[in-house]
Amino acid sequence: MELYLSLSLTETRAICTYLEGRHPVPNLMGVDATERAFIEMADRRVEWYFLLPIANCVRHTHPGLAPLEQPQFPEFGRSQGEKLRETAAWLDGELQRQPWVAGERFSIADITAFCALEFAKLMRFNAGQQGFAALQAWRNRVAERPSAKA
């Protein structure tokens, strides 16, 4: 244990795992093996297929990032914007049949998706204006939570 006390956690998911272990209520990552697996699956899908295209689009198309992202590849960035829309359509469908990203309750997958959707504002993406009504309604519900307002 002493070895771990001298190290720093630097990865988001590891930090979340640590915090949930220290403060298990409210639970955001699952209460048993099955729920943890499905929440993790949803969260990974959001990271890889929603957040990553947003980040790549912004990194390669936003003029403010040009000094940091050299070279920028605007065509690649635009293609990532299209991938975002494909994933938004999938996520919108999921949210038409269930209230939260990973199912019946709020989880870390919702936090990841909400952060991604807020980040997508840099690429002028608005779910409601793009025709993703369920995704926009979900976003608005999450935005009303006290933690989102903090």
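In the predicted model, the buried residues of helix 6 are covered by elements that include helix 3, helix 4, helix 5 and helix 7, the last of these spanning residues 146-149. The buried set of helix 6 consists of Ala134, Leu135, Gln136, Trp138, Arg139, Val142 and Ala143, so that, with burial taken as a relative accessible area under 20%, both nonpolar residues such as Leu135 and the charged residue Arg139 fall within the set. In an α-helix, residues three or four places apart point the same way because there are 3.6 residues a turn.

The chain that surrounds this helix contains seven helices and zero strands, and its elements follow one another in the pattern α-α-α-α-α-α-α. Along its principal axes the C-alpha trace spans about 45 × 40 × 30 Å, and of the 150 residues in the chain 37% are buried. Among contacts between residues at least 6 apart in sequence, 62% join residues at least 24 apart. The accessible surface amounts to about 9500 Å², with carbon and sulfur atoms accounting for 59% of that area. As regards charge, 17 positive and 18 negative side chains are present, and the centres of the two sets lie 4 Å apart.

The largest nonpolar core comprises 28 residues, and the members that touch the most others are Phe50, Ile54, Val101, Met123, Phe125, Leu135 and Trp138. At least two residues of this core are supplied by each of helix 3 (33-61), helix 4 (74-97), helix 5 (108-119) and helix 6 (133-143), and the greatest contribution is that of helix 3, which provides six residues. In soluble globular proteins, nonpolar side chains tend to be buried together. The surroundings of valine 101 illustrate the arrangement in detail: once neighbours within four places in sequence are set aside, valine 101 is in contact with Ala42, Val46, Leu91, Leu95, Ala109, Asp110, Ala113 and Trp138. Of these partners, Trp138 is itself among the buried residues of helix 6.

Two further buried positions were examined individually. Cysteine 57, which lies in helix 3, has a relative accessibility of 6% and therefore counts as buried. Beyond the residues up to four places away in sequence, cysteine 57 touches His62, Gly77, Gln80, Gly81 and Met123, the last of which belongs to the group of core members with the most contacts to other members. By contrast with these contacts, the C-alpha atoms of cysteine 57 and methionine 41, 16 residues apart along the chain, are separated by 23 Å. Alanine 120 is situated in the loop between helix 5 and helix 6, and its relative accessible area of 0% places alanine 120 in the buried class. The C-alpha atom of alanine 120 is 5.9 Å from that of isoleucine 54, although the two residues are 66 apart along the chain. When neighbours within four places in sequence are left aside, the contacts of alanine 120 are with Ile54 and Phe125, and both of these partners appear among the core residues that touch the most other members.

Nine salt bridges are found in the structure. Side chains of opposite charge can pair when their charged atoms come close. In one of these bridges the side chains of arginine 13 and glutamate 40 meet at 3.1 Å, N to O, a pairing that links distant parts of the chain, with arginine 13 in helix 2 (residues 12-22) and glutamate 40 in helix 3, 27 residues apart. Arginine 13 is buried at a relative accessible area of 19%, whereas glutamate 40, at 35%, is partly exposed. A second bridge joins glutamate 69 to arginine 59 at 2.8 Å, N to O; because glutamate 69 lies in the loop between helix 3 and helix 4 and arginine 59 in helix 3, the pair ties together parts that are 10 residues apart in sequence. Glutamate 69 counts as buried at 16% relative accessibility, while arginine 59 is partly exposed with a relative accessible area of 36%. A third bridge is formed by glutamate 118 and lysine 121, whose side chains meet at 2.8 Å, N to O. In this pair glutamate 118 is partly exposed, with a relative accessible area of 23%, and lysine 121 is likewise partly exposed, at 48% relative accessibility. Through salt bridges that share partners, Arg13, Glu40 and Asp43 are joined into one network.

Notes
Residues are numbered from 1 along each chain as its sequence is written. This is a predicted model: local features need pLDDT of at least 70, side-chain atom pairs count only at pLDDT 80 or more; totals for chains, interfaces and linings use all residues. Side-chain values use heavy atoms; hydrogens and water are left out. Helices (H or I, at least four residues) and strands (E, at least two) are DSSP runs, numbered from the N terminus. Buried means under 20% relative accessible area, exposed over 50%, partly exposed in between (1.4 Å probe, protein chains only). Contact means heavy atoms within 4.5 Å. Accessible areas come from the Shrake-Rupley method with a 1.4 Å probe; for residues, only the protein chains shown count as cover. Lys and Arg count as positive and Asp and Glu as negative; His and the chain ends are not counted. The place of a charge is taken as NZ of Lys, CZ of Arg, CG of Asp or CD of Glu. A nonpolar core is a set of buried Ala, Val, Leu, Ile, Met, Phe, Trp, Tyr and Cys residues joined through side-chain atoms within 4.5 Å. A salt bridge is a side-chain nitrogen of Lys or Arg within 4 Å of a carboxyl oxygen of Asp or Glu.
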